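Please take a moment with the sequence and the model below. Then follow the walk-through one step at a time.

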Amino acid sequence: MTKSELVAAIAEKAGIRKKDAEAALNAFIAVVTEALKKGEKVEIRGFGTFLMKERAQRVARNPKTGEKVTVPPKLVPAFKPGKDLKEATEKELKKKRKK
């Protein structure tokens, strides 16, 4: 699903104009981004948590030269799904597998 498809779906579900749905989505993205920049996590009960995770240092290989390169540790944004979201998606996957 693309951002424009998400905006259209939000507008339809909420019964609002696409312009308003896009403004709300953009505001949500901005708030989550700012919180993650500050090192905070954003928890939406039942849906999930947006947080920063530390990726450990590792050794990679330069594809051109084959030379080993050390990639330093870094923080990356992550999403951890909540219990309700996990359960809802697992039920749908089980239904599709049975068919």
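The paragraphs that follow go from a pocket to a group of rings, then to a core and two single residues. Keep in mind that this is a predicted model.

Start with empty space. Rolling a probe the size of a water molecule over the atoms shows where such space is left. Here the largest pocket holds about 150 Å³ of space. Which residues line the largest pocket? They are Leu 6, Ile 10, Ala 21, Ala 24, Leu 25, Phe 28, Ile 29, Val 32 and Phe 50. Two elements each give two or more residues to this lining: α1 (3-14) and α2 (18-37). Helix α2 gives the most, with six residues. Now sort the lining by class. It has nine nonpolar residues, no polar ones and no charged ones.

Two of the lining residues, Phe 28 and Phe 50, lead on to the next topic, the aromatic rings. A pair of aromatic rings is described by the distance of the centres and the angle of the planes. How many aromatic pairs does the model have? The count is three. One of them joins Phe 28 and Phe 50. Their centres lie 6.0 Å apart, with 70 degrees between the planes. Planes over 60 degrees apart count as edge-to-face, so this pair is edge-to-face. Phe 28 sits in helix α2 and Phe 50 in strand β2 (residues 48-55), so the pair ties together parts that are 22 residues apart in sequence.

Are these two rings buried or exposed? Phe 28 is partly exposed, at 35% relative accessibility. Phe 50 is buried, with a relative accessible area of 18%. The cut-off for buried is under 20%.

Phe 50 has another partner, Phe 79. The centres of these two rings are 4.9 Å apart and their planes meet at 55 degrees, so the pair is tilted. This pair also links distant parts of the chain. Phe 50 is in strand β2 and Phe 79 is in strand β5 (residues 74-81), 29 residues apart. Phe 79 counts as partly exposed, at 34% relative accessibility. Step back, and a cluster appears: ring pairs link Phe 28, Phe 47, Phe 50 and Phe 79.

Phe 50 turns up once more, in the largest nonpolar core. That core has five residues: Val 32, Ala 35, Leu 36, Val 42 and Phe 50. Its largest share, three residues, comes from α2. Look at Leu 36 in this core. Beyond its neighbours within four places in sequence, Leu 36 is in contact with Phe 50, Leu 51, Met 52 and Pro 77.

Next comes Thr 49, which also has its place in strand β2. Thr 49 is buried, with a relative accessible area of 14%. What does Thr 49 contact, leaving aside neighbours within four places in sequence? The list is Lys 41, Val 42, Glu 43, Ala 78, Phe 79 and Lys 80.

Finish with Asp 84, in helix α3 (residues 83-98). Asp 84 is partly exposed, with a relative accessible area of 49%. The cut-off for exposed is over 50%. Now find Gly 48. Along the chain, Asp 84 and Gly 48 are 36 residues apart. In space, their C-alpha atoms are separated by 8.6 Å.

Note on methods
Residues numbered from 1 in each chain as written. Predicted model: local features only at pLDDT ≥ 70, side-chain atom pairs only at ≥ 80, totals over all residues. Heavy atoms only, no water. 1 Å grid on protein atoms, 1.4 Å probe; cavity = no way out; pocket = protein on both sides within 12 Å on 5 of 7 lines; lining within 4 Å. Points joined across faces, edges and corners; volume = space filled by probe spheres on them. Helix = DSSP H or I, 4+ residues; strand = E, 2+ residues; numbered from the N terminus. Nonpolar A, V, L, I, M, F, W, Y, C, P; charged D, E, K, R; others polar. Phe/Tyr/Trp six-rings, centres within 6.5 Å; stacked < 30°, edge-to-face > 60°. Buried < 20%, exposed > 50% of the residue type's maximum accessible area, 1.4 Å probe, protein only. Core = buried A, V, L, I, M, F, W, Y, C linked by side-chain atoms within 4.5 Å. Contact = heavy atoms within 4.5 Å.
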